[in-house]
Amino acid sequence: MNRLLFIGLLLLAQITFADDGYRLWLNYDRLTDAAARSVYARSAQFIAVSGSSPVLTSASDELQTGLRGLLGTNVPAIASAGTQQGGIVLAVGVSGADTSGLNEEGYRIVKRQGNILVMGKTAVGVLYGAFALLRHIQTGHSLDTINLVSNPKVKLRMLNHWDNPDGTVERGYAGGSLWKWYELPETISPRYRDYARANASLGINGTVVNNVNASARLLTGEYLPKVAALANVMRSYGIKVYLSVYFAAPKTLGGLKTSDPLDPQVRKWWADKTAEIHRYIPDFGGFLVKANSEGEPGPQDYGRTHVDGANMLAAAMKPFPGVVIWRAFVYKADPKADRFKAAYEEFTPFDGQFAPNVIVQVKNGPIDFQPREPFSPLLGAMPKTPLGIEFQITQEYLGFASHLVYEAPLFKECLESDTYAAGKGSTVARVVDGSLHGYSHTLMAGVANTGSDRNWTGHPLAQANWYAFGRLAWDHTLTSEAIADEWINMTLTRQPQAVSHVRAMLLRSRAIYVDYNVPLGLSRPWTGVHFAPEPWQNRSPRPDWTAVYYHRADSAGLGFDRTATGSNALAQYRPEVRRQWENVDNCPLPYLLWFHHVPWTKQLSTGRTLWDELCTRFYTGADSVRWLQQEWTLAKPAIDPALYADVAGRLATQQREAIWWRDAWVLYLQPFAHKPVPAPFKQPERTLDEVKKSVDSYLLR
Ligand code: GCU
C-alpha cells in the first residue's frame with residue numbers, strides 16, 4: 001500500500017513538475033534508463049581531486065551536482081584515488097605525453113588504470129574537462145573507451161552584455177539586467193554563480209558586464225566594488241570581467257578639460273584609473289570601447305585617430321595582462337556614402353599601428369547584425385592587427401524573443417566564408433582563431449541574449465543560441481547539427497523522435513525567418529522599433545537610419561548596387577570574393593540584392609522573375625512557420641508541459657507576425673513592381689495603409 005502510494009506520488013511529481021528553464025543545459029535530469037545509470041555509476045564511484053584551488057573545487061562540485069542528478073547517486077569527493085578504481089580523477093599540471101597536445105585551457109579525458117582521468121595543464125582546463133565529461137554522459141555516450149582531447153581554438157571567448165546601470169538592457173528581450181547593481185556588492189544573487197557555471201560549461205572565459213554605449217558610472221569608486229563582487233564569483237569558474245568604457249570619462253568623471261588621448265593629463269587619468277581598477281580586480285580582463293560611433297565620444301572629437309585612442313588605453317593597460325578591445329563598428333551620417341564601406345575605410349589605413357595589447361573587434365557583417373549579411377570585408381584586410389569577431393546572440397533583427405531563429409547556421413556561414421586574404425582557404429574562422437595571420441590575441445564575442453527572465457533568454461529555445469555561440473567560440477569546426485543535438489539532449493528531451501523534430505525546427509528556422517523577412521539579400525530596413533516591418537520608412541535625421549536607404553526599391557527594380565557602377569563596396573573584397581558576387585547573372589541568390597539593383601522582371605536561376613521569386617519566398621517563409629508549429633506538436637509528448645506551452649505561444653505569435661512581414665513587403669513593393677502576386681499565392685487581405693497603421697501603433701505614446 002505504502003509502495004503504491006509512493007509510486008503514485010512519484011508519478012504525480014513527474015506530471016506536475018514544470019521545467020521553468022532556469023537550469024539551462026545543466027538540467028541534469030535523472031537518466032531514465034536504469035541499466036545505463038548503473039553502468040555509468042560503476043565508473044563514477046568517487047571523484048579524486050589532487051590539489052586545491054577554487055577552480056578545481058568548482059570542477060569537483062560540478063561533477064558531484066551533475067552526477068547526483070543524472071545517476072541519482074552521491075559521489076564522494078576524496079583527496080587521492082590511491083589504489084582505488086572505478087572513479088574519476090581530476091589532475092592538474094600533469095606533464096608528459098598526456099598533456100603534450102594541450103594548450104593552457106585544453107583538457108584530455110582518458111581511461112587509465114581503471115579510472116577516468118580528467119587532465120589539464122591548468123585548473124581551468126580540468127574544469128572544462130569536467131563539463132565535457134558530464135556532456136558526454138548527458139548525450140548518452142559510453143565511458144568505456146572514452147578518449148577526448150580538446151583545446152579552445154580562440155583565446156578570449158566572451159559575452160558582451162549591453163546592460164545599463166539602471167537595470168535595463170539595450171536590445172535585451174529577456175527581462176532586465178542580470179546584475180542587480182543597487183544590491184551589489186553586499187548581496188550576491190545565486191544567479192551570478194549559475195551564470196558563471198553555464199558559461200564555463202561552454203568554455204566562455206570573459207564577460208563584459210556593461211553596455212558598449214557605456215556609462216562612466218561603472219568606473220566610479222561606488223561601482224568598482226560592485227564589479228569586483230561579480231568578478232569574485234566569476235573567478236572560480238575561470239571567467240574574467242571586462243568593462244566597456246566611456247571615452248569622455250576623463251572629462252565627465254575626472255573633471256579634466258579634455259579627453260584628448262594625447263593630452264598628458266588624460267593619459268595619466270586613464271593610467272591611474274586602470275591601476276585603481278586592478279586594486280579591486282587583480283585579474284581584470286580589460287576594456288571594450290565603442291568610440292566615434294552612433295554619437296559616442298572618441299578620439300576624433302579631438303582630431304585624433306582610432307589608433308591614438310586605442311593606444312592611449314593600451315599604454316594604461318600595459319603594466320597588466322589585460323587587453324583593450326576597440327570596436328570597428330563605425331559609420332558616418334553621409335547621405336552619399338555607403339555605410340557598408342565605413343569600417344573598412346576607417347580601419348584598414350591603421351593596420352599594424354595598434355599596440356600589441358589591442359584587439360579590433362569587428363561585427364560579422366559590414367552593416368549591423370542583419371539576418372543575413374556577407375562577411376565584413378574588414379575581416380580579410382587587417383593581417384597585422386589582431387581582429388576579433390562580434391556576433392549578436394540577442395535577436396535585435398531576428399524577431400526579438402518571439403521568433404525562433406537558431407543562430408548556429410548564421411555564425412557558421414560567416415566563419416566558413418573564405419576571405420582569400422592569404423589565398424584559398426583563408427576563412428573568417430582562420431582569421432579569427434589567429435592561424436592565418438599569427439595574431440597574438442584571438443577573440444570571439446557574442447552580444448548576450450540573457451536577462452532577468454527566469455529562463456534567462458525569454459524564448460526557451462533561444463537558450464540554444466547562447467549555447468551555440470559558446471560551443472563555436474571554443475571550436476568553430478563543430479557543426480550546427482551536432483550543437484543542436486547536444487543542446488536538445490541536455491536541455492529538452494532525450495526521446496529520439498522528439499529530438500529529431502526539434503532538431504529539424506532549429507536547423508530550418510533561420511532560413512525560414514530570412515525568407516519572410518529579408519529574402520534574396522534584401523536589406524532588413526532600419527526601423528524605429530527594430531522589430532516591425534517598415535519598408536516605407538524614409539524620414540530620419542540620418543539617411544542611413546531609413547529603410548529606403550537600404551532596399552532602394554524603385555520602378556526599375558530592387559537592391560543596392562555595390563558593383564563598380566554603384567558604390568563599389570565590392571572592391572573592398574579580394575578579387576576571388578568579388579568575382580563570386582559582382583555579376584548579377586550568377587551572384588548567389590542569398591547575396592543578390594546586397595550587391596545588385598535588379599530589375600523586377602529579371603529571370604533568376606530558379607526560373608522565376610525577381611518579383612515572383614520574392615513573393616514565393618515571402619509566402620513560403622510565412623507558411624513554413626506553420627510547419628514549425630506542426631513539428632513542435634509532434635515533439636509534445638516528450639516535452640515538459642509548461643515549456644511546451646510557452647514555445648507554442650511564441651510560435652503562434654511568430655506565425656502572425658511572419659504574415660505581417662510578408663504583407664508589409666508585398667504591399668509596399670507591389671506598386672514599384674506593377675505585378676500581381678503570382679499563383680498559387682493570394683493577394684494579402686489587408687491594405688498597405690492597414691499594415692502601416694498597425695506598425696505606427698508601435699510609435700504611439
Ligand atoms: C546597433 C544597435 C545599438 C548598438 C549598436 C552597437 O546599432 O541597435 O543598440 O548600440 O548596434 O553595436 O554599438
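Here are some short exercises on this predicted model, each with a worked solution.

Residue numbers start from 1 along each chain as its sequence is written. Because the model is predicted, local features need pLDDT of at least 70 and side-chain atom pairs count only at pLDDT 80 or more, while totals for chains, interfaces and linings use all residues; side-chain values use heavy atoms, with hydrogens and water left out.

**Exercise 1. The ligand shell**

Find which residues come nearest to the ligand, and describe the shell around it.

Step 1. Start with the neighbours, where near means that a heavy atom of the residue lies within 4 Å. There are 13 residues around the ligand, and E170, K290, R327, K363 and E396 come nearest.

Step 2. Sort the shell by residue type. It holds three nonpolar, two polar and eight charged residues. In this scheme Ala, Val, Leu, Ile, Met, Phe, Trp, Tyr, Cys and Pro are nonpolar, Asp, Glu, Lys and Arg are charged, and the others, Gly among them, are polar.

Step 3. Look at distances to ligand oxygen atoms. An N or O atom in the side chain of K290 is 2.7 Å from one, a polar side-chain atom of K363 is 2.7 Å from one, and for an N or O atom in the side chain of E396 the distance is 2.4 Å.

Step 4. Now check the cover. On its own the ligand has 320 Å² of accessible area, and the protein covers 97% of that. Such areas come from the Shrake-Rupley method with a 1.4 Å probe; for residues, only the protein chains shown count as cover.

**Exercise 2. A sheet and its strand β5**

Work out the strand order of the six-stranded open sheet, then place β5 in it.

Step 1. Read the order: β2-β1-β3-β5-β4-β6, with mixed pairing. Strands here are DSSP runs of E with at least two residues, and helices are runs of H or I with at least four, numbered from the N terminus. Two strands pair if DSSP finds at least two bridges between them.

Step 2. Find the edges. They are β2 (77-78) and β6 (147-150), each of which pairs on one side only.

Step 3. Follow the partners of β5. Strand β3 (residues 88-92) runs parallel to β5, joined by five bridges, and V89 has L117 as its bridge partner. Strand β4 runs antiparallel to β5, also with five bridges, and K111 is matched with I116.

Step 4. Inspect the β4-β5 hairpin. Two residues lie between the strands, and Q113 takes a positive phi near 45°.

Step 5. Continue to the edge. Strand β4 (residues 107-112) pairs with β6 in the antiparallel sense over four bridges, with R108 opposite V149.

Step 6. Check burial, where buried means under 20% relative accessible area, exposed over 50% and partly exposed in between (1.4 Å probe, protein chains only). In β5 (residues 115-120), six of the six residues are buried. N115, L117 and M119 point one way, and I116, V118 and G120 the other.

**Exercise 3. Cysteines and a glutamate**

Is C414 buried or exposed, and how many disulfides does the structure have?

Step 1. Search for cysteine sulfur pairs within 2.5 Å, the disulfide cut-off. The whole structure gives zero disulfides. For C414, the nearest cysteine sulfur belongs to C587, 17 Å away.

Step 2. Compare accessibilities with the cut-off. C414 is buried at 6%, and C615 is buried at 0%.

Step 3. Turn to E346 in helix α11 (residues 342-347). This glutamate is buried at 14%. Its side chain makes a polar contact with that of Q300 at 3.0 Å. A polar contact is a pair of N or O atoms within 3.5 Å; within protein, one must be able to donate a hydrogen and the other to accept it, and residues adjacent in sequence count only if both atoms are side-chain atoms.
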